Amino acid sequence: MVNKPPGDAVAPAVRVRGLTVVRGGITILEGLDLDVPAGQVVGLLGPSGSGKTTLMRSVVGVQANVAGELRVLGEPAGSPSLRRRVGYVTQAASVYADLSVAENLQHFTALAGLRGAAGRDAVTAAIDAVDLGGHERQQVGSLSGGERSRVSLAAALVGDPELLVLDEPTVGLDPVLRRDLWEMFHRLARQGHTLLVSSHVMDEATRCDRLLLLRAGTLVADTTPDALLADTGAPDAERAFLTLIDRAAGGTR
């Protein structure tokens, strides 16, 4: 697994400066400056339409019309050298419903260039990481929504990426499954992975090491959960976010 470097002087996993994305004549992201610290679970939160998915697509190098500086693990976003170093999990599970869990993961290990014993070891490690032991031969189409999400995450893990970009991985899941996934995210971070996790559910803010709050394509806050609540005096993350929005708009509520 990835080893987390010691010390506080570690370069950020993602560095964004002046990032602007225009699509169809509409500015989706405007002049974003932010860092994603290495070895942490970083939450990208904001309402639907705030630009979260566009930012994530920019980080993994699949977004068109990107301007500004965007470096991922020290390389320009989208560089061929990043293909095995970055794992991307989209909102819809990107796995094959007519294949078993193991067959799906074997396919993705082959795409990652892992074959033979290395491929088999990668499949076993990914299944263990997402707690799907015993489901290896089960067809993905017969799994629950939460289990399919785990298979999709396992597919991103088979190449042992340093950075995991997860676009709303808990959407539609019940509270128990959401809790289990967040525990898994922190376990991966302790192993040295960096996770950028988007959500529009504000109570998930307290589960992150660091928070990036977006609204209408702009960065409202780059902070920690404790600092967010202390700065706003709000009792929870949702009301803290609303307080920041009012401040930005010059409101007095």
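# Helices, hollows and odd phi angles

The lining of the largest pocket draws at least two residues each from α1 (52–60), β6 (86–89), α2 and α4. This is a predicted model, and that pocket holds about 560 Å³ of space. Below are the pocket, the one cavity that makes the count at 30 Å³ or more, two helices with a buried and an exposed side, and a few residues with positive phi.

**The largest pocket**

- There is about 560 Å³ of space in the largest pocket, and of the 22 residues lining it, R83, R84, V86, G87 and Y88 sit closest to its centre.
- Sorted by class, the pocket lining comes out as 13 nonpolar, seven polar and two charged residues.

**The cavity**

- Rolling a probe the size of a water molecule over the atoms shows where empty space is left.
- Just one cavity of 30 Å³ or more turns up, and its volume is about 40 Å³.
- Which residues line the largest cavity? They are V89, S149, L153, L166, P169, L181 and F185.
- Helices α4 and α5 each put at least two residues into that lining.
- The cavity lining has six nonpolar residues, one polar residue and no charged ones.

**Helix α3**

- Helix α3 covers residues 116–129, 14 residues in total, and spans 20 Å from its first C-alpha to its last, close to the 20 Å expected at 1.5 Å a residue.
- Its buried residues are G119, A122, V123, A126, I127 and A129. Why do they fall on the same side of α3? They cover an arc of only 160 degrees around the axis, which puts them there together.
- The general background is that an α-helix has 3.6 residues a turn, so residues three or four places apart point the same way.
- Over on the other side of α3, you'll find R120, D121 and D128 exposed.
- The cover over the buried residues of α3 includes α2 (101–111), α4 (145–157) and α5 (175–190).
- Right behind α3 comes D131, with a positive phi near 60 degrees.

**Helix α6**

- Helix α6 runs over residues 225–232, and P225, L228 and T232 are buried in it. Their arc around the axis is only 60 degrees, which puts them on the same side of α6.
- D226 and A230, on the other side of α6, are exposed.
- Among the elements covering the buried residues of α6 are β9 (210–215), β10 (218–223) and α7 (237–248).
- Just after α6, G233 has a positive phi of about 70 degrees.

**Positive phi in two loops**

- Most residues other than glycine have a negative phi, which is the background for the next two entries.
- D160 is not a glycine, yet its phi is positive at about 55 degrees. You can find D160 in the loop between α4 and β7 (163–166).
- Is D160 buried or partly exposed? Its relative accessibility is 29%, so D160 counts as partly exposed.
- E168, also a residue other than glycine, has a positive phi near 50 degrees, and it lies in the loop between β7 and α5.
- With a relative accessibility of 9%, E168 counts as buried, because the cut-off for buried is under 20%.

Technical notes:
Residues numbered from 1 in each chain as written. Predicted model: local features only at pLDDT ≥ 70, side-chain atom pairs only at ≥ 80, totals over all residues. Heavy atoms only, no water. Helix = DSSP H or I, 4+ residues; strand = E, 2+ residues; numbered from the N terminus. Expected span 1.5 Å × (residues − 1). Buried < 20%, exposed > 50% of the residue type's maximum accessible area, 1.4 Å probe, protein only. Arc of directions from axis to C-beta. Contact = heavy atoms within 4.5 Å. 1 Å grid on protein atoms, 1.4 Å probe; cavity = no way out; pocket = protein on both sides within 12 Å on 5 of 7 lines; lining within 4 Å. Points joined across faces, edges and corners; volume = space filled by probe spheres on them. Nonpolar A, V, L, I, M, F, W, Y, C, P; charged D, E, K, R; others polar.
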